[in-house]
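Please read these notes alongside the sequence and the structure. They are written for someone seeing both for the first time.

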2 protein chains.
Amino acid sequence: MHSLPSQAIRPFSHSPSLPLPSPSSHASRCLRFLPIFLKPKSRSEFLAFPPKSPPLIVRGCSSFSVKSPSELRTSSNPDDKLRSLRQLFSKPGVGIDAYILPSQDAHQSEFIAECYMRRAYISGFTGSAGTAVVTKDKAALWTDGRYFLQAEKQLSSSWILMRAGNFGVPITSEWLNDVLAPGGRVGIDPQFLFSADAAEELREAIAKKNHELVFIYDINLVDEIWKESRPKPPNNLIRVHDLKYAGLDVASKLSSLRSELVQAGSSALVVSMLDEIAWLLNLRGSDIPHSPVMYAYLIVEIDKAKLFVDNSKVTPDVMEHLKSAGIELKPYDAILSEVKSLAAQGARLWLDRSSLNAAIVNTYTAACERQYKHIEKTNKTPKNDGLNGWSSAPAGVYKASPISWAKAIKNAAELEGMRNCHLRDAAALAQFWAWMEEEIDKGVKLTEVEVADKLLEFRSRQSGFMDTSFDTISGSGANGAIIHYKPEPDNCSIVDRNKLFLLDSGAQYVDGTTDITRTVHFGEPKAWEKECFTRVLQGHIALDQAVFPENTPGFVLDAFARSYLWKIGLDYRHGTGHGVGAALNVHEGPQSISFRYGNMTPLQKGMIVSNEPGYYEDHTFGIRIENLIVVKEVNTPIRFGGIDYLGFEKITFVPIQAKLIDLSLLSAEEITWLNDYHSQVWEKVSPLLDGSALQWLQNNTQPLVMQ
Amino acid sequence: MHSLPSQAIRPFSHSPSLPLPSPSSHASRCLRFLPIFLKPKSRSEFLAFPPKSPPLIVRGCSSFSVKSPSELRTSSNPDDKLRSLRQLFSKPGVGIDAYILPSQDAHQSEFIAECYMRRAYISGFTGSAGTAVVTKDKAALWTDGRYFLQAEKQLSSSWILMRAGNFGVPITSEWLNDVLAPGGRVGIDPQFLFSADAAEELREAIAKKNHELVFIYDINLVDEIWKESRPKPPNNLIRVHDLKYAGLDVASKLSSLRSELVQAGSSALVVSMLDEIAWLLNLRGSDIPHSPVMYAYLIVEIDKAKLFVDNSKVTPDVMEHLKSAGIELKPYDAILSEVKSLAAQGARLWLDRSSLNAAIVNTYTAACERQYKHIEKTNKTPKNDGLNGWSSAPAGVYKASPISWAKAIKNAAELEGMRNCHLRDAAALAQFWAWMEEEIDKGVKLTEVEVADKLLEFRSRQSGFMDTSFDTISGSGANGAIIHYKPEPDNCSIVDRNKLFLLDSGAQYVDGTTDITRTVHFGEPKAWEKECFTRVLQGHIALDQAVFPENTPGFVLDAFARSYLWKIGLDYRHGTGHGVGAALNVHEGPQSISFRYGNMTPLQKGMIVSNEPGYYEDHTFGIRIENLIVVKEVNTPIRFGGIDYLGFEKITFVPIQAKLIDLSLLSAEEITWLNDYHSQVWEKVSPLLDGSALQWLQNNTQPLVMQ
């Protein structure tokens, strides 16, 4: 340990010696820290290779399993699959000692199409988050606390379950370094390792034992054995997202984007995030449950743009829409060859390494290298056309995608759509709660799944309804404490009228996306349940009412939502707020409100975030109160520093159950907040209701009086 | 801008190309971010080379000027000094085009002895924070907003005043890159550039224009011209800090420290921070105003320790004390030769690059390099004795000093001393306020300086009083809005009974250190003044009452102290809390409570921080309310996550003026807090008082009743 490799002393007197981390590892640690927070939507990204130091955190919202896990699991004996996979290890052109299978599709999507669920196919484990690693004689699956029970059930004895985040459980690279003989070859499909940054991190980690990371481009080893039963890639029709909801036409969006490209000295942007493509092109799809997006890549150049998508999804309308915006169609699979060809032409691609898959980034950098060597050999000076950053010696611009930011700051039409669909959603919820209370009062036994189905029924009657925005979390009693809980028809509880019931759900409408959680009690809540609920509510109110200077990152506000819980030693292990798309993904970045303090993205006027503090008591109950809120300017009497002060506007209008509130804990201001909120709920939602739902709304929006 | 330097493409397909920052610059930016927060005590550290992106922030507490600025300024014409300095630029062995003079001594002290005030001597500007840069034909001085007026007055027309933090004002390196012809040589005295990290950053920054950073070891160019009139280095006697106040003997402290050395694979720690040396050795000095420390360096090896200090300061008592702890004496000036000799012996030195001066770090790395080359030449394999990390091929361990952390977490005796001295300090303050109110009521005209002097008089009557802990900030009306304000006898205001009066002061006692701010009004405060005061108070209470999980960094709590101000668009441009030493420096790290979010140091049980929100209205008034608080465990009913929940214990007991509170803004809990506090003040401090001071205390601790 104390001997010194010769490269540790560098020919500069000021250079750091061991054990100061080398600049590159330092840089990589800086990079590693950020992407986790910049992409709150792709939770699985950090769960697959969980960071070691911070505690493993599970978001408070939806998780999901595939709709029909049986399909993925019954096609053959799981041990046969492992045997077939290992046989491919020694195939010519492969030659590996281990193969890694993360959960992701090629676009780092949170929800993915079934044909890309290779990890679920090979392992039998169908939870949304997990990484499978298969060596010649071992198979291990990493997942997080949300899925330990499910994984125990679903994995065969050939698999080692790695409880990520538990003390002493190695991360994937550590395990590989431990079980492989030095100098091993670790294979991945570079389109399906979660990102270029993550691949790079893995490469560095396993290099410590002289293992090599091998990109296997031509075949995905699981697809090779899945063959006959593998579902086809989805090819649902794309639709145009109406300008009245989008607010800005594609030409305007492209024009702003191109200004940014020029300014960054880049000649083209490669986009793989499906919601970014949908937003930029005012298109929507239905390839993936819950997310109104289509599988595609996009390359925007200064003077043209190419959409890489399966032709059969493109209707004449969409074709016309694309044509008028000057967008060319290319086959989905042509993305890598296009990247290669752009590099050969000297394009300076803007690549977001945290979201683009390793295949794209590596294809580009390898092509650049070849290009550069060629220039060196022919001794030509790199030429610069001085116009839009093209140069015959290409080099990437590695920055966060500019679309992520533009998409997060909603324009007036997007906000209008979000406000409108939230009222219809609130009407559906009022109908639902009125129905549910009635049924429970009548003594009807309702399962958690029946309840979720009924909610879907009410929602689907609302105009513009398209889909749920994630799998409904409908949890009675102890199930409410399982943050990821998704009831299954054959294995769920009856809603117990004497226990807390947590319902977290959302919908995709043509004009917007909703995400709401309410916790209720149908009988007599205990004093402790009321105290916990009230403290969660106080945190919710504190965040809702926060006023803060512009340029404040979201994490600064996170403690406001926790402080009332902290006072009595309570806390919750998830962030307080995530971004929400406008008729797009229910989880989006770059902003967040979290106790993970690395995301420095300031909250900006027009951003939408959730406000969802909670408290969970294992095996007993779960509480969460979630509204969506929009960042707005606040008209303060003074503006110290000559800057704007910001606050929030609520867009969710569903009553908060008064029965669960311990009024003695609330301040006069908090009671006023609640009464104001309920009076707004009544005013905005009652016009959409009649009958028992209207009556329910009236009952549940009565003002409370301070004790 | 778009052409591509050849080194931008590196021979690895995954390596980032331009304009992704190179790993080393990325690492350096990560490093740059941290030291600012890790050393809140040395504010001048970040003011000299202010970071560009975050706004320049001025702490809320003391600043200082030299006691007799005239001495530094009148010795000769300022332009003569510049001329003499420039003549030295071309001296053999120098050969430079620019010379940089920061404010620091060789130990990054906040307060420094007069003989090290070289920047003040050469420029005539005597403020505590500033950097002078002299080229062959220009001279520029950077200082921050606290000192713009003073610098304008004090600088001759030969100097350009650089208003650091103002829009468009370059930082030092940018200015050098602008005014020097490419390939310039920029000289510094490496013992007096603020730290090894800072030197490295400067080197990188000016390398962009091919300038070279030149370390001039043998002479300090200012000393050369200051010669005749330069004050002698202080050589006041050192005293032993009684074990009853220190709590731990030197042997125990050394033993813990040596365990840490072994664990880190290091064979010796080099310490230059004066408070760290004083703390570790249970010694106190008086070389520097306000800080009970002595100029010295310390090297702790596994089996011995050497103190580098002027012999004449060492009394027989201290000699005995050091001897019994196995500490050898060496001359102060022998530090560099000792470092060189340790490197030659193969010692692995633990060096805190953020606090050690560049001379020490560079002496070591250069010696290591020589050593390594020698080994290579003689083809000997580096040997490792396997015992305590010594190796014949030395390499540094570059980490934050372990003493900083140990010192910050106070032991029981240190806490006891802090609590005790705060009561005596409170008694002095009660006497002072009683006197001041009486005088003002009698219509006596008191200047801000007379008031500060009277406070010193009351304090100096308390047992164990040694010194003020910083220059008293005594500001009436508009002067209270100048965060750095230090009244000067010939140029200060009469305290106006119709305006707010802000008094921030502290003392060094034999058993502890105090730092307290109160804002009062002697007449009838305006409604707006009361609203602002009340909101500052609400923030103060919110932080005081905060409960939070262990491992929470201080910045998480910062927003609690601001939220009531934010609601109406107010804020303050300084942190909320800094660490305080126990009978040591009034500002210490590593913890802080600040809106600068880079300091991840968790607040730990036993740490002391200030709680000092404020609000400042330019040209009108300033408000600050400051107590010191100790991090303590809170006995919460639940401990979610099985961890400790922490809170604060107040140790400052001086009434908060009720007249300034708008009771209608306070909640019942806040009024209870205030009444509880005042009842504790009465209980703890009244036994130390009699006469009018006792009466004053009684009047000012009466319970308030909610309106």
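In which hand, left-handed or right-handed, does helix 7 of chain B pass helix 8 of chain B? Point 2 gives the reply.

1. This is a predicted model, in which local features need pLDDT of at least 70, side-chain atom pairs count only at pLDDT 80 or more, and totals for chains, interfaces and linings use all residues. Residues are numbered from 1 along each chain as its sequence is written, chains are lettered from A and ligands numbered from 1 in the order written, and side-chain values use heavy atoms, without hydrogens and water.

2. The crossing of helix 7 of chain B with helix 8 of chain B is right-handed (the near helix is turned clockwise from the far one by less than a right angle). Helix 7 (residues 172-179) and helix 8 (residues 196-207) of chain B have axes that come within 9 Å and cross at roughly 30°. That makes the two helices of chain B roughly parallel (angles under 35 degrees).

3. Chain B also has an open sheet of 3 strands in the order 16-17-19, with antiparallel pairing (pairing needs at least two DSSP bridges). Its edge strands are strand 16 (473-476) and strand 19 (516-521) of chain B. Strand 17 (residues 500-505) and strand 19 of chain B pair over 6 bridges, and B:Ser505 stands opposite B:Ile516.

4. In chain A, the 18 residues of helix 21 (residues 668-685) should span 26 Å at 1.5 Å a residue, and the end C-alpha atoms are 26 Å apart, which agrees. Its buried residues (under 20% relative accessible area, 1.4 Å probe, protein chains only) include A:Trp673, A:Tyr677 and A:His678.

Conventions
Helix = DSSP H or I, 4+ residues; strand = E, 2+ residues; numbered from the N terminus. Expected span 1.5 Å × (residues − 1). Buried < 20%, exposed > 50% of the residue type's maximum accessible area, 1.4 Å probe, protein only. Axes fitted to C-alpha atoms, helices over the stretch in contact; angles between N-to-C directions. Parallel < 35°, antiparallel > 145°, perpendicular 65-115°, else oblique.
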